[in-house]
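Let's take a walk through this structure together, one region at a time. Keep the sequence and the 3D view side by side as you read.

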Amino acid sequence: MKFHPKKLLRRKVLLPALACLLAGAAALHFLGGGQPAAAAGLTYTTAAVERRDITAQITGSGSLEAANSYSVTTLVEGSILTAGFEEGDQVEEGTVLYTIDASDLSGNLEQAQISLDQAQRSYNSRVKELEKLSVTAPKAGRVLSLEVETGDEVSAGQLVATLRNADTMTLEVPFLSDEAEGFWVGQAASVTLDGTFETLEGTVSKVNRNDTVLTGGMMVRSVTIAVSNPGALSAAQTGSAVIDGCSSVGSASFTYAAEEQILAEVSGEVSGIRAQEGDWVDKGGVILTLTSDSLDDSVQSAADALRNAQLSLESRYDQLDNYTITSPIQGTVIDKNYKAGETSEAGKVLCSIYDLSYLTMTLSVDELDISDIAVGQEVAVTADAVEGRTYAGVVTKVSVAGVSSGGATTYPVTVRIDETEGLLPGMNVDAVITLRSASNVLAIPAGALNRGNTVLVTADSPSAGGGTPLEGSQEGYCSVSVEIGASDSDYIEITSGLQEGDIVAYIPTASSDGQDMMMGGMPGGMAGGMPAGGGMPSGGGMPSGGGPGGGRGGF
């Protein structure tokens with residue numbers, strides 16, 4: 001793992017280290033300031049600069065979990081009718097697991113459906129009444145008279161307008177039955193006006209197929225003829241007709257093609273006049289419009305009642321769905337707690353399903369290392385339960401929700417394992433994330449690197465000529481500046497400053513304790529002896545604290 005100065009502080013080594021420094025300073029004072037620390041019996045350990053492989057890793061452990069898991073419960077109580085699966089079965093999402101007796105719900109469903117139908121009919125009726133606020137012409141014609149004005153209040157059944165179609169006049173006259181037998185609608189007819197003997201062209205619009213017996217036993221049938229009104233015809237005019245050379249056996253009065261008294265079908269206030277007196281209106285054309293707050297309210301109330309009935313029925317069907325229990329995920333049935341014939345209990349777990357298509361584990365990574373972790377990094381996973389096998393994992397999530405404890409913060413990192421043969425949820429596993437690696441590189445022991453990235457080498461080392469010779473108790477050593485690369489807990493890569501054949505010198509750590517690490521990294525310092533004259537070693541700088549990567553923020 002990385003060496004960080006903050007970790008030394010957390011291990012409470014600052015005060016012991018400071019005490020050692022003060023003690024060393026006091027000893028130098030009483031010895032006159034020039035007595036080397038080496039005289040106290042401290043000696044350097046040497047090591048050759050050599051080539052080796054370096055791998056920086058983060059390790060951790062955790063327990064395996066299924067890709068997904070689900071405890072199947074029910075919201076209803078009832079007799080279980082079917083449960084056609086067993087533990088260990090593979091099920092697909094949506095597979096029916098249980099069916100529960102829903103006979104008690106059937107009556108509620110029927111009643112909800114009846115209520116919905118009633119609400120629909122009531123709403124449709126109100127909407128039709130709302131449509132009646134537009135007063136329309138039942139037939140085509142001209143507005144003969146308007147009985148109301150804008151702003152008037154009208155009641156249902158009140159006369160509001162009279163419509164007449166005087167552009168076309170009709171004449172219904174009798175013909176002998178045997179002659180009328182051959183007439184047809186659309187046949188041309190000639191109409192003669194009584195009194196003026198004026199002749200007009202017309203068209204047969206209707207032939208009555210029923211015979212009527214006149215005085216004297218004459219059998220006749222009435223025939224209706226439509227005539228365009230030249231402008232002078234009225235209902236007071238009479239006339240006769242000739243069709244295909246056959247004359248009518250009598251005259252009759254003309255009638256208008258249409259004459260209607262238009263009544264309001266609902267109550268309301270006249271909000272607009274759409275056709276004035278004398279205007280032509282087609283069948284279905286709007287003559288005037290009404291408004292009615294009470295009718296609007298009744299329509300809204302009917303709409304609300306309809307929606308409530310719909311929701312009630314949907315709720316009943318939702319309840320019905322609760323009586324059929326399906327698998328929410330694809331997976332393996334781990335346990336089955338209820339069987340057919342038993343009674344389900346609301347809220348109780350009926351069965352459990354695991355998705356074992358892959359497994360996951362969660363690592364807790366220190367805040368000082370979390371920046372080195374990223375989604376997609378490969379992870380080597382091993383389990384004590386499966387000896388001799390390493391599984392390939394991958395980081396799928398790096399959470400930003402840290403957990404603080406004892407002054408340190410860790411972050412959950414999720415690892416996914418796809419090849420899981422031999423592994424089961426709940427097994428304890430170890431994980432290794434390789435951050436960096438370097439092969440066949442020059443390396444030195446981690447404790448040999450001093451603060452400021454300097455290293456002590458023996459005076460006869462090939463790289464000593466590029467360094468600064470030391471004096472006094474450190475005579476025979478040189479301080480050399482170096483550049484570093486990858487590191488692990490034991491060794492640090494040297495990319496520049498040293499070469500093969502160099503011998504580095506340092507005071508090794510006695511244990512992994514933080515104080516020993518700090519003491520071990522101080523060659524030429526208070527613990528290793530001050531140079532003659534009590535000054536700092538020339539070019540050596542303050543030692544690093546002895547930890548791998550100390551003062552560098554490296555791994």
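Start at Asp297, which is found in helix H5. Bear in mind as you look that this is a predicted model. Asp297 belongs to a patch of negative charge on the surface, where it gathers with Glu153, Glu269, Asp293 and Asp296. Helix H5 spans residues 293-321 and supplies the largest share of this negative patch, three residues.

The strands around here are worth tracing next. An open sheet is formed by four strands in the order E7-E20-E18-E9, with antiparallel pairing. At its edges are strand E7 (134-136) and strand E9 (153-154), each of which pairs on one side only. Inside that order, strand E18 (residues 268-273) and strand E20 (residues 286-291) are joined by four bridges in the antiparallel sense. To find one of these positions on screen, pick Gly272 and look across to Thr289 in E20, its bridge partner.

Now move to strand E10, a good place to follow several pairings. Strand E10 covers residues 159-176 and runs antiparallel to strand E8 (residues 141-146), with four bridges between them. Here Ser145 stands opposite Thr162 in E10. E10 also pairs with E17, again in the antiparallel sense, this time over nine bridges. Leu171 has Phe254 of E17 as its bridge partner. A further antiparallel pairing links E10 to E14 through nine bridges. In that pairing, Leu176 stands opposite Val220 in E14.

Strand E14 leads us on to the charged pairs. Side chains of opposite charge can pair when their charged atoms come close. How many salt bridges does the structure hold? There are twelve of them. One is formed by Arg221 and Asp211, whose closest N and O atoms are 2.4 Å apart. Arg221 sits in strand E14 (residues 219-228), while Asp211 is in the loop between strand E12 (199-207) and strand E13 (212-213), so this pair ties together parts that are ten residues apart in sequence. Are the two partners buried or exposed? Arg221 is buried, because its relative accessible area is 10% and buried means under 20%. Asp211, at 38%, is partly exposed.

Another salt bridge takes us much further along the chain numbering. Glu500 pairs with Arg51, and their closest N and O atoms are 3.2 Å apart. Glu500 lies in the loop between strand E34 (491-496) and strand E35 (503-506), and Arg51 lies in strand E2 (residues 50-63), so the salt bridge ties together parts that are 449 residues apart in sequence. Both ends can be seen at the surface to some degree: Glu500 is partly exposed with a relative accessible area of 48%, and Arg51 is partly exposed at 40%.

A third example joins Glu314 to Arg307, with 3.9 Å between the closest N and O atoms. Glu314 counts as partly exposed at 39% relative accessibility, and Arg307 is partly exposed as well, with a relative accessible area of 41%. Elsewhere, salt bridges that share partners join Glu181, Asp211 and Arg221 into one network, and that brings back the pair we met in the paragraph on E14.

For a contrast with charge, look for a nonpolar patch on the surface. Leu214, Met218 and Val249 make such a patch, of about 210 Å². Val249 lies in the loop between E16 and strand E17 (252-263). With 36% relative accessibility, Val249 counts as partly exposed.

Finally, have a look at the backbone. Most residues other than glycine have a negative phi, and most peptide bonds are trans. Which value does Asp244 take? Phi of Asp244 is near 55 degrees, a positive value in a residue other than glycine. Asp244 is found in the loop between strand E15 (238-243) and strand E16 (246-247), and Asp244 is exposed, with a relative accessible area of 64%. Asn440 likewise has a positive phi, of about 55 degrees, although it is not a glycine. The place of Asn440 is in strand E29 (residues 428-445), whereas Asp244 is in a loop.

Notes. Residues numbered from 1 in each chain as written. Predicted model: local features only at pLDDT ≥ 70, side-chain atom pairs only at ≥ 80, totals over all residues. Heavy atoms only, no water. Pairing = 2+ DSSP bridges. Helix = DSSP H or I, 4+ residues; strand = E, 2+ residues; numbered from the N terminus. Salt bridge = Lys/Arg side-chain N within 4 Å of Asp/Glu carboxyl O. Buried < 20%, exposed > 50% of the residue type's maximum accessible area, 1.4 Å probe, protein only. Patch = residues over 30% accessible without salt bridge, like charges linked within 9 Å, V, L, I, M, F, W, Y side chains within 5 Å. Areas by Shrake-Rupley, 256 points an atom, 1.4 Å probe, with all protein chains shown as cover. Lys, Arg positive; Asp, Glu negative; His and termini not counted. Charge placed at Lys NZ, Arg CZ, Asp CG, Glu CD.
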